[in-house]
Amino acid sequence: MLPSRRGRPARVTAFAALLLVTAAAGALAGCGDTGGLRDAGATAAARSPARLWPGLPPASSPAYDIGEVEHARVEGVAVPGGDIRGADPVAAVRAEIAAHPDDYAGAGARYHETSARMADCGTDDPENTEDAGDAGDAEDAARDGCPVLRPYYRDLTGDGRPEMALGFRLLPGRLTAVRVYTVEKDRLVRVMSYDDAVSAVELAGRAVVVRSPSEVAGYEYRLQWTWDADQRAMLLTSDEMLRADDGGDGDGGGRTGRPSPSASASSSSSASSPSPSGDAP
């Protein structure tokens with residue numbers, strides 16, 4: 001047996017020698033990785049976080065109102081039998097427009113074209129609704145000219161009942177509004193609201209993920225909202241800048257700098273463009 005080094009048990013040295021012999025035998029036999037143990041090299045030393053400017057007074061309130069919690073009853077929209085699938089998505093958008101005339105009414109309003117095109121929307125047709133995961137390649141717009149996109153349904157709160165994910169175009173610009181609605185005591189309640197230039201909207205489990213273009217080539221913003229039972233709302237739980245899966249060209253698509261998450265055109269509204277979100281496993 002080889003003599004052990006000072007401070008190291010002999011069994012460790014013998015085991016290391018055995019590994020070397022095994023590796024050499026594998027190489028001579030023309031084999032690749034045999035799946036045995038392999039030295040990963042030195043492990044980086046763990047370092048605790050270094051706090052900067054410890055004398056800086058802690059902030060007691062946020063600098064900006066970014067609308068962290070959205071929980072608003074939608075007036076005038078019926079929910080027959082408490083089933084959100086019976087609520088009219090077009091009526092929900094019309095109710096929001098009526099509640100914020102400064103953003104939608106008149107030629108000087110920033111989204112005046114959205115308001116004008118609502119005349120092209122009728123009441124919602126069940127054929128234009130989808131469970132998330134069931135949608136095919138059909139056009140997202142419910143009707144020609146109508147800015148309201150097809151609604152999707154999925155249980156996002158974990159109560160066994162579906163919520164409605166809805167989007168509509170904010171015209172004449174290139175923004176999209178993303179909304180999530182639930183039902184409380186047979187009333188329609190908006191629990192998520194976000195406006196942005198949107199690349200895609202996805203569901204990941206019970207979370208809503210919004211992808212938006214970045215000014216940095218090859219990168220995108222990914223924001224995630226997750227249901228919070230205490231706040232009774234979808235909260236922004238992740239806001240990241242990541243490399244785009246498709247290696248996009250970084251076209252800002254109307255975004256001018258990173259906006260405050262959820263900073264909306266009006267009151268607590270903040271939206272983005274809805275794609276798949278609905279009620280499906």
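A residue counts as buried when its relative accessible area is under 20%. Keep that cut-off in mind as you look around this model, which is predicted.

**Stop 1: Tyr194 and Trp225**

Select Tyr194 to begin. Its relative accessible area is 1%, so Tyr194 is buried. Now add Trp225, which is buried too because its relative accessibility is 3%. Show both rings: their centres are 4.9 Å apart and their planes meet at 50°, so this is a tilted pair. Tyr194 belongs to strand 6 (residues 187-196) and Trp225 to strand 9, so the pair ties together parts that lie 31 residues apart in sequence.

How many aromatic pairs does a search of the whole structure find? There are two. To see the other, select Tyr104 and Tyr111: the ring centres are 5.7 Å apart with planes at 45°, so this pair is tilted as well. Tyr104 and Tyr111 are both buried.

**Stop 2: the sheet around strand 9**

Next, switch to a cartoon view and colour strands 7, 8, 9 and 10. They make an open sheet of four strands in the order 7-8-9-10, paired antiparallel. Strand 7 and strand 10 (233-243) are the edges, each pairing on one side only. On average, neighbouring strands here are turned by 20° against each other, ignoring direction.

Start at strand 7 (residues 200-204). Val201 and Leu203 are on its covered face, while Ala200, Glu202 and Ala204 are on the uncovered one. In a regular strand, side chains alternate between the two faces of the sheet.

Follow the chain into strand 8 (residues 207-213), which runs antiparallel to strand 7 and is joined to it by five bridges. The two form a hairpin with two residues between them, and Gly205 in the turn has a positive phi of about 65°. Select Ala204 and you will find Ala207 of strand 8 standing opposite.

On to the next pairing: seven bridges join strand 8 to strand 9, again antiparallel. Here Val210 stands opposite Leu223 of strand 9.

**Stop 3: Arg222**

Stay in strand 9 (residues 219-228) and pick Arg222. Is Arg222 buried or exposed? With a relative accessibility of 16%, Arg222 counts as buried, because the cut-off is 20%. Show the side chain of Arg222 as sticks and follow it to the backbone oxygen of Arg243, 3.1 Å away. Beyond its neighbours within four places in sequence, Arg222 has several contacts, including Val210, Ser238, Leu242 and Asp245. Glu240 is another of these contacts; Arg222 and Glu240 are 18 residues apart in sequence, yet their C-alpha atoms are 5.3 Å apart.

**Stop 4: the nonpolar cores**

Now zoom out and select Ile84, Val93, Met118, Val148, Phe168, Tyr181 and Leu188. These have the most contacts inside the largest nonpolar core, which has 25 residues. Helix 2 (89-99), strand 4 (163-170) and strand 5 (175-184) each give at least two residues to this core. Helix 2 supplies the largest share, five residues.

A second, separate core has 17 residues, among them Val180, Val208, Leu223 and Trp225. In soluble globular proteins, nonpolar side chains tend to be buried together.

**Last stop: Thr176**

Finally, select Thr176 in strand 5. Its relative accessible area is 2%, so Thr176 is buried. Add Arg169 to the view: a polar contact of 2.8 Å joins the side chains of Thr176 and Arg169.

Methods: Residues are numbered from 1 along each chain as its sequence is written. This is a predicted model: local features need pLDDT of at least 70, side-chain atom pairs count only at pLDDT 80 or more; totals for chains, interfaces and linings use all residues. Side-chain values use heavy atoms; hydrogens and water are left out. Buried means under 20% relative accessible area, exposed over 50%, partly exposed in between (1.4 Å probe, protein chains only). Contact means heavy atoms within 4.5 Å. A polar contact is a pair of N or O atoms within 3.5 Å; within protein, one must be able to donate a hydrogen and the other to accept it, and residues adjacent in sequence count only if both atoms are side-chain atoms. Two strands pair if DSSP finds at least two bridges between them. A nonpolar core is a set of buried Ala, Val, Leu, Ile, Met, Phe, Trp, Tyr and Cys residues joined through side-chain atoms within 4.5 Å. Rings of Phe, Tyr and Trp (its six-membered ring) pair if their centres lie within 6.5 Å; planes under 30 degrees apart count as stacked, over 60 as edge-to-face and the rest as tilted. Axes are lines fitted to C-alpha atoms, for helices over the stretch in contact, and angles run from 0 to 180 degrees between N-to-C directions.
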